[in-house]
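Grab a pencil and open the viewer. Here are a few exercises to work through, each with a solution you can check yourself against.

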Amino acid sequence: MHDSRTHVASVAMHSAMGDPVTNLDRIAEWSSKAREQGAAFALFPEECITGSMNKSDIPPEESMGIAESAAEKSVPFLESLCAELDMTLVVGTIEPAGERYRNSAYIVGPLGYLATFTKLHIPNETERAWFEPGNQLPIVTSQGWTFGVGICYDLRFPEIFRTAARAGADFFLLAVGGSGSRESVPPDGDQTEQAAEHRELAAQVLPARAVDNALYIFYANQAGKSGNAWFPGLAFAIDPNGRFIDEHAPVEGMIVTEVSKDLIEQARSSGCFTANEARPDLYASPRIVSG
């Protein structure tokens, strides 16, 4: 029987551009720190293993080689790490997809590889030139807890949170890049304002996602300058009542947050939880009336 409480680490990690070996080693360091603080789960940012090569000057032939090398090394490395630490990790990367790429996150538990989530919604022409969108929404159970995963722009789509909740998810993990332009960050690299802007955008939508679906939501951003972009080093956790309960910004760092099944059940028994009353079949076939 599993405990009614667990801990989730959200790691705002700096990724070395185009250097999977260094980044995997740093993922291991942060995971060990998270385990020392009691975390059974850890969330890492979007494109964490490879760096955000779509925001760099790496030549195309070199970026494909980096993605292929990362794809070969990452899952075995993470499987060994998760078995050693008895943890479940969600870690962003860029994968090869023919002549293009996928913006993905590996999901690995103590017993091995569980799933790969690929970013479902591609936000702009720059990313569309790089990435094939995903076509699956895995809902994962590991260590007695069930969760969904999204990447960055996916947070704008309430359907994925609702789908996770209807499948019994306890929490939702968002791996985020969330960069700004060079001009948006002062010369001294202070990203306080950038982090505040990203938090404000998230606060517009994520508390409602948490309340409607009785979910904890965790968010982890890349940190610092990598390639041609600055990343705001933002990590936070929202509880099923829509409250920000843990936060870190604007540099590399980590939060470790307690998750309570009792609080989830209380939220599910409230009038605010609407997932079980949703009628997706009806919404898919509206009656259109015109005068």
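**Exercise 1.** Which residues of α1 are buried?

Solution. Keep in mind that you're looking at a predicted model. Step one: a residue counts as buried when its relative accessible area is under 20%. Step two: go along α1 with that cut-off, and you pick out P20, N23, L24, I27, A28, W30, S31 and A34. Step three: look for what covers them, and you'll find β1 (5–12), α2 (60–85), β3 (88–97) and β14 (253–260) among the elements doing so.

**Exercise 2.** Work out what span helix α1 should have, and compare it with the model.

Solution. Helix α1 runs over residues 20–36, which makes 17 residues. The expected span is 1.5 Å times one less than the number of residues, so α1 should span 24 Å. Its end C-alpha atoms are 24 Å apart, so the two agree. Just past the helix, G38 has a positive phi of about 95 degrees.

**Exercise 3.** Describe the surroundings of T88.

Solution. First, place T88: it sits in strand β3. Next, check its exposure: with a relative accessible area of 1%, T88 is buried. Then follow its side chain, which makes polar contacts with the side chains of S142 at 2.6 Å and Q143 at 2.8 Å. Finally, leaving aside neighbours within four places in sequence, the contacts of T88 also include A40, F41, V108 and F147.

**Exercise 4.** How do the lining residues of the largest pocket divide by type?

Solution. Start with the total: 19 residues line this pocket. Sorting them gives eight nonpolar, five polar and six charged. Helix α5 (residues 192–213) supplies the largest share, three residues.

Key:
Residues are numbered from 1 along each chain as its sequence is written. This is a predicted model: local features need pLDDT of at least 70, side-chain atom pairs count only at pLDDT 80 or more; totals for chains, interfaces and linings use all residues. Side-chain values use heavy atoms; hydrogens and water are left out. Helices (H or I, at least four residues) and strands (E, at least two) are DSSP runs, numbered from the N terminus. Buried means under 20% relative accessible area, exposed over 50%, partly exposed in between (1.4 Å probe, protein chains only). Contact means heavy atoms within 4.5 Å. A polar contact is a pair of N or O atoms within 3.5 Å; within protein, one must be able to donate a hydrogen and the other to accept it, and residues adjacent in sequence count only if both atoms are side-chain atoms. On a 1 Å grid over the protein atoms alone, a cavity is a set of points where a 1.4 Å probe fits but cannot get out, and a pocket is an open set with protein on both sides within 12 Å along at least five of seven lines; lining residues have an atom within 4 Å of a point. Ala, Val, Leu, Ile, Met, Phe, Trp, Tyr, Cys and Pro count as nonpolar, Asp, Glu, Lys and Arg as charged, and the others, Gly among them, as polar.
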